[in-house]
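Here are some questions a first-year student might ask about a protein model. Each answer sets a value against the definition behind the word.

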Amino acid sequence: MNRFGAAMLAADMTAAARLLHPDATFTSPAVFKPYRGRDAVLRVLTAATQTFEDFAYTGETHGPGVDVLRFRARVGRYQLEGVDIVTTDEDGLITDVTVMIRPLRGLEALVAAMQQALARQPDGTAPEQAPVTSPPGVRPVRAQKRARAIAMSLDEVDAYLRGERTCRVATAGADGSPHVAPLWYVWDGSRVWLNSLVRSQRWTDLTRNSRISIVVDGGTEFHELHGVELSGRASAVGEAPRGTEPNDELTEPERLFAAKYMGGGPFIADGRHGWLRVDIEKLVSWDFRKNPALRSMPRPAGS
């Protein structure tokens, strides 16, 4: 997931603003003339994060100066799919975002909802920062929209996932029953890497069905709860189990894993584990410590 996609998925307009050229344009599927200027583009992007439901990126293609991100979403009862075509200059700043959406009914519903969202924003000003739930690239799930005040920023998500040691991984069995287990992991800034036993229920489940959910969380009292939920698809990378065969794609995750769990020495494969790369489609975060009012909530009897 490129940086624009990650910022949109997280609804992190501060991160999006840093990526935009001051003269950036946004070409909408609904109007003939593009929106011009960073502030105008930010207003449209903010309205989009407030309008789309069940937003997820489903694919991406990259070329020199152009990234194409395919997505799906819902507006009310209408399902839609589309692409973000993101153009960048030689400095990596976004000069244009062009969006295409189908079908027509979905586009019509989106236009009506976007008009209402834009009307709620102050004219001529940059949109108010919306904290992320995750790092409309990888956008928060619907529930995140109702809890932006306690969401982590994109930088907070990145630091949190790099610092924590244990995640909980959920997969689906052949009969659809869930399987959840704790596991060590590493985060490279855009993907989760799991070093998993090859002969495990987890590995077997993901061979049949690549869908996966991961939770990293902490806190004891209610007002201390914080964490990140990531959903996407897992793919085996390299030998299974991992041996000594060189693999450039595993260089960074194995460096991160060795630094985190092996005292900074070289990564040593044990002949039983293999690598799973998790490509993130949705990311949601929460940090109840951001809401001081939660400290005064009444405690259940006996707690």
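Q: What makes Val-66 a residue with a partner in strand 5, and which residue is that partner?
A: The bridge partner of Val-66 in strand 5 is Thr-87. By the way, this is a predicted model, where local features need pLDDT of at least 70, side-chain atom pairs count only at pLDDT 80 or more, and totals for chains, interfaces and linings use all residues. Residues are numbered from 1 along each chain as its sequence is written, and side-chain values use heavy atoms, with hydrogens and water left out.

Q: How do you know that strand 4 and strand 5 pair?
A: Two strands pair if DSSP finds at least two bridges between them. Strand 4 (66-75) and strand 5 (residues 78-88) have 10 bridges, so they pair, in the antiparallel sense. They also form a hairpin with two residues between them, and Gly-76 in the turn has a positive phi of about 65 degrees.

Q: What comes after strand 5 in the pairing, and how many bridges join it to strand 6?
A: Eight bridges join strand 5 to strand 6 (residues 94-102), and the two run antiparallel. One of the partners is Thr-98 in strand 6, which bridges to Ile-85. This hairpin has five residues between its strands, with Gly-92 in the turn at a positive phi of about 85 degrees.

Q: What makes strand 2 and strand 3 edge strands?
A: The open sheet has six strands in the order 2-1-6-5-4-3, with mixed pairing. Strand 2 (35-36) and strand 3 (53-63) each pair on one side only, and that makes them the edges. Strand 2 is joined to strand 1 (residues 20-27) by two bridges, running antiparallel. Set that against the cut-off of at least two, and they count as paired. Thr-25 stands opposite Arg-36 in strand 2.

Q: Why is Thr-49 called buried?
A: Buried means under 20% relative accessible area, exposed means over 50%, and partly exposed is in between (1.4 Å probe, protein chains only). Thr-49 has 0% relative accessibility, so it counts as buried. Thr-49 sits in helix 3 (residues 38-51); helices here are DSSP runs of H or I with at least four residues, strands are runs of E with at least two, and both are numbered from the N terminus.

Q: What makes the link between Thr-49 and Thr-46 a polar contact?
A: A polar contact is a pair of N or O atoms within 3.5 Å; within protein, one must be able to donate a hydrogen and the other to accept it, and residues adjacent in sequence count only if both atoms are side-chain atoms. The side chain of Thr-49 reaches the backbone oxygen of Thr-46 at 2.7 Å, so the distance fits.

Q: How do you know that the buried residues of helix 7 are on the same side?
A: In helix 7 (residues 201-208), the buried ones are Arg-202, Trp-203, Asp-205 and Leu-206. They cover an arc of only 160 degrees around the axis (taken from the directions from the helix axis to the C-beta atoms), so they lie on the same side of helix 7. On the other side, Thr-207 and Arg-208 are exposed. The buried residues pack against strands including strand 7 (166-172) and strand 8 (178-187), where contact means heavy atoms within 4.5 Å.

Q: How many bridges pair strand 11 with strand 12?
A: Strand 11 and strand 12 (residues 273-287) pair over 12 bridges in the antiparallel sense.

Conventions. Axes are lines fitted to C-alpha atoms, for helices over the stretch in contact, and angles run from 0 to 180 degrees between N-to-C directions.
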